[in-house]
Amino acid sequence: MGIIEIFNWFRELFWSKGISQEQINVPQKNNAKEKLVLNIKKDYSSPNFSVRKTQIDSIVVHHTAGSHPGCTIWLSDKESGVSAHYVITQEGAVYQLVEDHGRAWHAGRGAFDVNKDGKISQIERMWNDRSIGIELEAVLPYSYSDEQLKSLDGLTSHLMLKHHINVNMIFGHKEISPGRKFDPANFEMDDFREHIKGIMSA
Ligand SMILES: [Zn+2]
């Protein structure tokens with residue numbers, strides 16, 4: 001086998017698979033011995049985003065109300081006109097559909113604004129401008145697997161560190177669109193924020 005063949009063989013073996021995902025190390029509570037490595041898969045990409053002109057300062061959590069891969073394909077389909085930055089499947093796989101710096105169309109028009117100090121003011125604004133949208137794959141009766149929640153922990157803490165997002169700036173869609181949205185269902189946002197606070201302060 002010549003050098004070119006060897007190169008091609010390696011490329012075949014690793015490149016084609018490796019290019020579709022990004023590996024990140026995420027914070028672990030109490031410097032846990034097991035390091036959590038999160039694979040962010042890039043098998044899907046969505047055209048449903050615009051240019052983000054505002055700084056990222058928040059995360060909005062959703063549920064898909066449909067199962068993967070159907071929901072992920074829908075969020076990647078121009079026809080749907082909706083998207084999210086990330087989808088986390090029941091198996092715990094993380095797919096990135098829109099780059100963080102893109103303005104994905106996941107939140108629509110929110111019902112209130114939240115200042116940096118955590119105070120809520122009743123100003124309608126576009127949450128898509130400044131938040132990262134994470135969709136949890138869930139169908140009726142809406143439950144989440146351990147693997148999925150572990151990936152959510154990892155992705156959330158990674159994004160918080162990367163974009164300097166405060167734990168008080170993590171919201172459920174239902175919190176920013178009360179009465180209009182109920183996702184993520186069966187998911188206590190206060191508990192989640194407390195839990196993330198614990199991970200981040202480890
Ligand atoms: Zn939603």
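In the predicted model, helix H3, spanning residues 146-163, packs against helix H5, which covers residues 189-200, with axes that come within 11 Å and cross at roughly 65°. H3 is therefore classed as roughly perpendicular to H5, and the crossing of H3 and H5 is right-handed. On the H3 side, the contact is formed by Asp 153, Thr 156, Ser 157 and Met 160, which meet Ile 196, Ile 199 and Met 200 of H5. By class, four nonpolar residues, two polar residues and one charged residue make up this contact.

Helix H3 also contains Leu 152. This residue has 23 C-beta neighbours inside 10 Å and therefore counts as buried, the criterion for that class being 20 or more. When residues up to four places away in sequence are left out, the residues touched by Leu 152 are Ile 88, Ile 134 and Leu 136. A further relation links Leu 152 to Thr 89: the two are separated by 63 residues in sequence, whereas their C-alpha atoms are 9.9 Å apart in space.

The model further contains an open sheet of seven strands, in which the pairing is mixed. The strands follow the order E1-E2-E6-E5-E10-E4-E11. The edges are occupied by strand E1 (21-26) and strand E11 (170-172); each has a single partner strand, so one side of each is left without a neighbour in the sheet. On average, and with direction ignored, neighbouring strands of this sheet are turned by 25° against each other.

At the E1 edge, the pairing can be followed residue by residue. Strand E1 is joined to strand E2, residues 36-41, in the antiparallel sense over six bridges. Within this pairing, Gln 23 stands opposite Asn 39 of E2, and Ile 24 has Leu 38 of E2 as its bridge partner. In a regular strand, side chains alternate between the two faces of the sheet. Strand E2 in turn pairs with strand E6, residues 94-96, in the parallel sense over two bridges. In this second pairing, Lys 41 has Tyr 95 of E6 as its bridge partner. The mixed character of the sheet is thus illustrated at strand E2, which is antiparallel to E1 and parallel to E6.

Conventions. Residues are numbered from 1 along each chain as its sequence is written. This is a predicted model: local features need pLDDT of at least 70, side-chain atom pairs count only at pLDDT 80 or more; totals for chains, interfaces and linings use all residues. Axes are lines fitted to C-alpha atoms, for helices over the stretch in contact, and angles run from 0 to 180 degrees between N-to-C directions. Helices (H or I, at least four residues) and strands (E, at least two) are DSSP runs, numbered from the N terminus. Angles under 35 degrees count as roughly parallel, over 145 as roughly antiparallel, 65 to 115 as roughly perpendicular and the rest as oblique. A crossing is left-handed if the near helix is turned anticlockwise from the far one by less than a right angle, and right-handed if clockwise. Two residues are in contact if their C-beta atoms, placed from the backbone, lie within 7 Å. Ala, Val, Leu, Ile, Met, Phe, Trp, Tyr, Cys and Pro count as nonpolar, Asp, Glu, Lys and Arg as charged, and the others, Gly among them, as polar. A residue is buried if 20 or more other C-beta atoms lie within 10 Å of its own, exposed if 12 or fewer, and partly exposed in between; C-beta atoms are placed from the backbone. Two strands pair if DSSP finds at least two bridges between them.
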